[in-house]
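Reader: Hi! I'm new to this structure and would love a close look at one part of it, the sheet, and then at whatever helps me place it in the rest of the model. Could you walk me through it?

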Amino acid sequence: MKAVVLVGGQGTRLRPITFDTPKALVPLRNRPFMGYMLDFLRGGGLDGAVLSLGYLPDPIQDYLANWHDLRGFDVDYAVEEHALGTAGGIKNAEEYLDGDPFVVVNGDVLTGMDLAEAIRIHKASDALATITLTSVEDPTAYGLVEVDHDMVVQRFIEKPAADEVTTNLVNAGVYVLEPEVLGMIPAGREVSIEREIFPELQARGRLMAHVSSSYWRDIGTPRSYLAASHDVLSGAVGTDRTNFEYMDVKEDASCGKNVKLLPPLSVAEGCEISDLATIGGRSALGRNCRIGRGAVVEGSILLDGARVDAGAVIRGSIIGRDARVGRGAIVRGLSVLGAGCVVGEGNVLDQGIRVNPGVVLPPRSLRF
Ligand code: GDD
Ligand code: MG
């Protein structure tokens with residue numbers, strides 16, 4: 001059985017990171033997200049995937065071309081010229097599917113769910129589609145799904161308004177579809193599976209659901225991406241726990257005197273950490289990051305080449321590729337810095353501020 005992996009979206013809610021890195025490749029514990037996705041599919045017993053690509057397809061294809069671990073797992077690519085939506089992206093992959101039932105996954109979902117079980121449940125029913133559900137606190141950012149006692153879907157409301165919320169169960173973005181569903185998707189235009197195809201399947205009584213209580217998170221916002229990073233660093237999901245290292249510090253990373261490294265932590269190749277710095281509390285430092293004397297990095301993600309100057313403090317934030325945080329600056333509260341931007345010394349960034357790639361903030365120009 002094959003999967004169609006939907007990875008063509010622009011990742012707007014994760015900007016500025018997704019201006020240059022597709023959501024499918026953002027790192028978790030210094031491994032691109034797509035690696036976890038392929039492990040999930042292979043773990044579910046699938047033998048191949050079609051990546052449904054649109055936005056920034058090249059880096060995703062390059063990553064997979066260099067993945068030496070495919071071991072007989074076939075990967076094909078269906079690239080859209082313009083956005084076709086979540087159903088259009090599946091339709092566009094049709095030529096690579098062989099007329100059998102197939103799996104579809106939203107390419108931004110990190111989960112430990114039992115995919116093989118979802119497939120078994122689907123096969124034992126006469127549904128045209130089985131969608132997996134997960135329980136969340138606030139369903140308004142997801143597709144809300146009402147089911148009856150036999151798990152037949154009664155209603156599917158994508159992004160419900162607060163007064164439409166009748167359950168905490170939402171679409172987890174992992175489906176098993178019969179090939180007939182492809183015939184319901186019009187070709188050549190943008191089609192949403194959530195807004196057009198699921199309601200139609202529901203009206204025919206052929207849309208079933210299966211609830212999973214396993215770990216689940218959509219990594220599509222700074223808050224959820226950071227939370228997913230914390231979870232992966234803590235070994236909560238996505239990694240084989242048998243050889244799991246809470247201190248994943250590459251040998252050639254260099255550390256000065258009296259540096260504090262607090263697990264769980266991931267420090268990639270080529271990092272340089274100066275005297276008296278503190279790195280900890282579920283942080284991940286990408287390749288060639290430089291941390292200045294006495295600086296503090298906590299609960300944060302630093303992408304490759306990020307630089308934190310002496311005495312600066314980074315807490316619960318995301319620092320883009322080759323971005324630089326100047327002396328004594330403070331970046332906290334889910335701030336997100338785009339690639340190559342420069343935060344001059346003494347600035348304070350907070351409250352989810354997002355700084356676009358390449359922006360230079362003069363010294364002491366921002367204070368929260
Ligand atoms: N190929 C292709 N073409 N892929 C697309 C397109 C497109 O035009 N638009 C979005 N995608 C991909 C995205 O890259 C992402 O991996 C996936 O489809 C879902 O899109 P999101 O933009 O992340 O959707 P969402 O998170 O708001 O909502 C969806 O996921 C929720 C669960 O995480 C819906 O399916 C909800 O019903 C669901 O609850
Ligand atoms: Mg999403």
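Author: Happy to. In this predicted model, 7 strands come together as an open sheet, and their pairing is parallel. Reading across, the order is β15-β18-β21-β24-β27-β30-β33. The sheet ends at β15 (254-255) on one edge and at β33 (360-361) on the other, and each of these edge strands pairs on one side only.

For a closer view, pick the neighbours β27 and β30. Strand β27 covers residues 324-325 and strand β30 covers residues 342-343; the two pair in the parallel sense over 2 bridges. You can find one such contact by looking at V325, whose bridge partner in β30 is V343.

Now to the surroundings, starting with what sits between the domains. The largest nonpolar core has 49 residues, and V5, M34, L41 and L110 are the ones that touch the most other members. Helix α1 supplies the largest share of this core, with 7 residues. Because domain 1 (2-233) and domain 2 (245-361) both contribute residues, this core lies between them.

The second largest pocket brings the two domains together as well. Its lining draws at least three residues from each of domain 1 (2-233) and domain 2 (245-361). The volume of the second largest pocket is about 1,000 Å³. It is lined by 37 residues, and P27, N30, R31, P32 and Y63 are the closest to its centre. Elements giving two or more residues to that lining are β3 (31-32), α1 (33-43), α2 (57-65) and β7 (109-111). Here too you meet α1, which provides the largest share of the lining, 4 residues. By character, the lining of the second largest pocket splits into 16 nonpolar, 9 polar and 12 charged residues.

Finally, have a look at the largest pocket, which holds about 1,300 Å³ of space. Its lining has 48 residues, with G9, R13, K23, T86 and D108 the closest to the centre. Two or more lining residues come from each of α3 (85-91), β11 (169-177), α6 (193-203) and β13 (216-218). The lining of the largest pocket is made up of 15 nonpolar, 20 polar and 13 charged residues.

So, to find your way back: begin at the edge strand β15, follow the sheet through β27 and β30 to β33, and then turn to the nonpolar core that lies between domain 1 and domain 2.

Technical notes:
Residues are numbered from 1 along each chain as its sequence is written. Chains are lettered from A and ligands numbered from 1 in the order in which they are written. This is a predicted model: local features need pLDDT of at least 70, side-chain atom pairs count only at pLDDT 80 or more; totals for chains, interfaces and linings use all residues. Side-chain values use heavy atoms; hydrogens and water are left out. Two strands pair if DSSP finds at least two bridges between them. On a 1 Å grid over the protein atoms alone, a cavity is a set of points where a 1.4 Å probe fits but cannot get out, and a pocket is an open set with protein on both sides within 12 Å along at least five of seven lines; lining residues have an atom within 4 Å of a point. Grid points are joined across faces, edges and corners, and a volume is the space filled by probe spheres set on the points. Ala, Val, Leu, Ile, Met, Phe, Trp, Tyr, Cys and Pro count as nonpolar, Asp, Glu, Lys and Arg as charged, and the others, Gly among them, as polar. Domain bounds come from an automatic or database domain assignment. A nonpolar core is a set of buried Ala, Val, Leu, Ile, Met, Phe, Trp, Tyr and Cys residues joined through side-chain atoms within 4.5 Å. Buried means under 20% relative accessible area, exposed over 50%, partly exposed in between (1.4 Å probe, protein chains only).
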